[in-house]
Amino acid sequence: MDRRQVAVYLVALAVGALVGLAAPGLGPSLEDAVNPVLGALLYVTFLQVPAAELVGSLRDRRFLTAALVVNFVVVPGVVAAMFSFLPGDQAVRLGVLLVLLCPCVDWVIVFTGLAGGSGRRLLAATPLLLVVQMLALPVFLFVFLGSALAHVVDIGPFVQAFLFLIVVPLALAWTTQAWATRRPAGQQASDAVSTAMVPLMAAVLVVVVASQLPKLHGHLGDVAAVVPFYVLFLAVMAFAGRAVARLFRLDVPGGRAVLFTGAARNSLVVLPLALALPDRFAVAAVVVVTQTLVEVLGMVAYVRLAPKLLPHDEPAAA
């Protein structure tokens, strides 16, 4: 499965789509499973990086600065350039802003590793990225939409995501690592759990697609209107991320991590924010879900594209 990860993930997408279309009534139950499965995936991901190495990655100020710049300077600039061309519906615009202005803190780590990027450095940056986006999102919404809409978003789901997708999996991973260093049984358990990375990633894709696809029914016009912007965003950020990596003279693994963090968005975490909006903004959740589906395919493409944009024989600092 490790050797055929991309094929496994494409099959998972197809299975998720079939389940979503054949049994749309399962959507709510599957949606409840998204965070537990995602948390399990992140636990296994965190387990791959020793605690000492993860803490040491926080001292890589050049990489952390590059990640902040690409996500909170470059991305808002790209979104601003597209904003006036978005559909005029305020709910649609709010959905697009919610999802594009917030960097991913979950499956981006897995896809980064698949592309030969530095997952450990991106892993170390995830708490910082989540906290900064919590603080920056109200400011960005105020700038783009004005005070009337900036205050309709509740940041409660951000706090929950930080606890259940970052703090809890990380604590469990560190506990497992400590057990593994003291007991042979702990090492065996750690080795066994580590083999679950690909199946868990496939499970996340199946659950996300199957739970969210039925929600697109009745909103195909809104979906059709925003898909080109999501595709354009992924295309632009591929080259913008490479430019930032070279500007900060990062090595190739660090550069590829910046490439991914600039492109991957926090759709799984901001979806609860969209669902909590007043009824008049209900379409915002559909707009967020649409980005999820586009990004899954985009990340698979990025796994193949990143080594070509930042090849090992052409350092990012070139």
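What share of the 318 residues in the protein chain is buried? Buried residues come to 53% of them. Keep in mind while browsing these views that the model is predicted.

**View 1. The whole chain is built with helices and no strands.** Count along the protein chain and you get 15 helices, while the strand count is zero. The radius of gyration is 19 Å, close to the 20 Å that the globule rule gives for 318 residues, so the chain is as compact as a globular protein of that length. Boxed along its principal axes, the set of C-alpha atoms takes up roughly 60 × 45 × 35 Å.

**View 2. Contacts link residues well separated in the sequence.** Take the contacts with a separation of 6 or more: 88% of them join residues 24 or more positions apart.

**View 3. Here is the surface of the protein chain, with its charges.** About 13200 Å² is exposed, and carbon and sulfur atoms supply 67% of that area. The chain carries 19 positive and 15 negative charges. Average the positions of each kind, and the two mean points lie 9 Å apart.

**View 4. Two cysteines, C102 and C104, sit in no disulfide.** In fact, the structure has zero disulfides. For C102, the nearest cysteine sulfur belongs to C104, and it is 11 Å away. Looking from C104, the nearest cysteine sulfur is that of C102, again at 11 Å. A disulfide would need the two sulfur atoms within 2.5 Å.

**View 5. Are C102 and C104 buried or exposed?** C102 is buried, with a relative accessible area of 1%. C104 counts as buried too, at 1% relative accessibility. The cut-off for buried is under 20%.

How values were computed: Residues are numbered from 1 along each chain as its sequence is written. This is a predicted model: local features need pLDDT of at least 70, side-chain atom pairs count only at pLDDT 80 or more; totals for chains, interfaces and linings use all residues. Side-chain values use heavy atoms; hydrogens and water are left out. Helices (H or I, at least four residues) and strands (E, at least two) are DSSP runs, numbered from the N terminus. The radius of gyration is taken over C-alpha atoms; the globule rule is 2.2 Å times the number of residues to the power 0.38. Buried means under 20% relative accessible area, exposed over 50%, partly exposed in between (1.4 Å probe, protein chains only). Contact means heavy atoms within 4.5 Å. Accessible areas come from the Shrake-Rupley method with a 1.4 Å probe; for residues, only the protein chains shown count as cover. Lys and Arg count as positive and Asp and Glu as negative; His and the chain ends are not counted. The place of a charge is taken as NZ of Lys, CZ of Arg, CG of Asp or CD of Glu.
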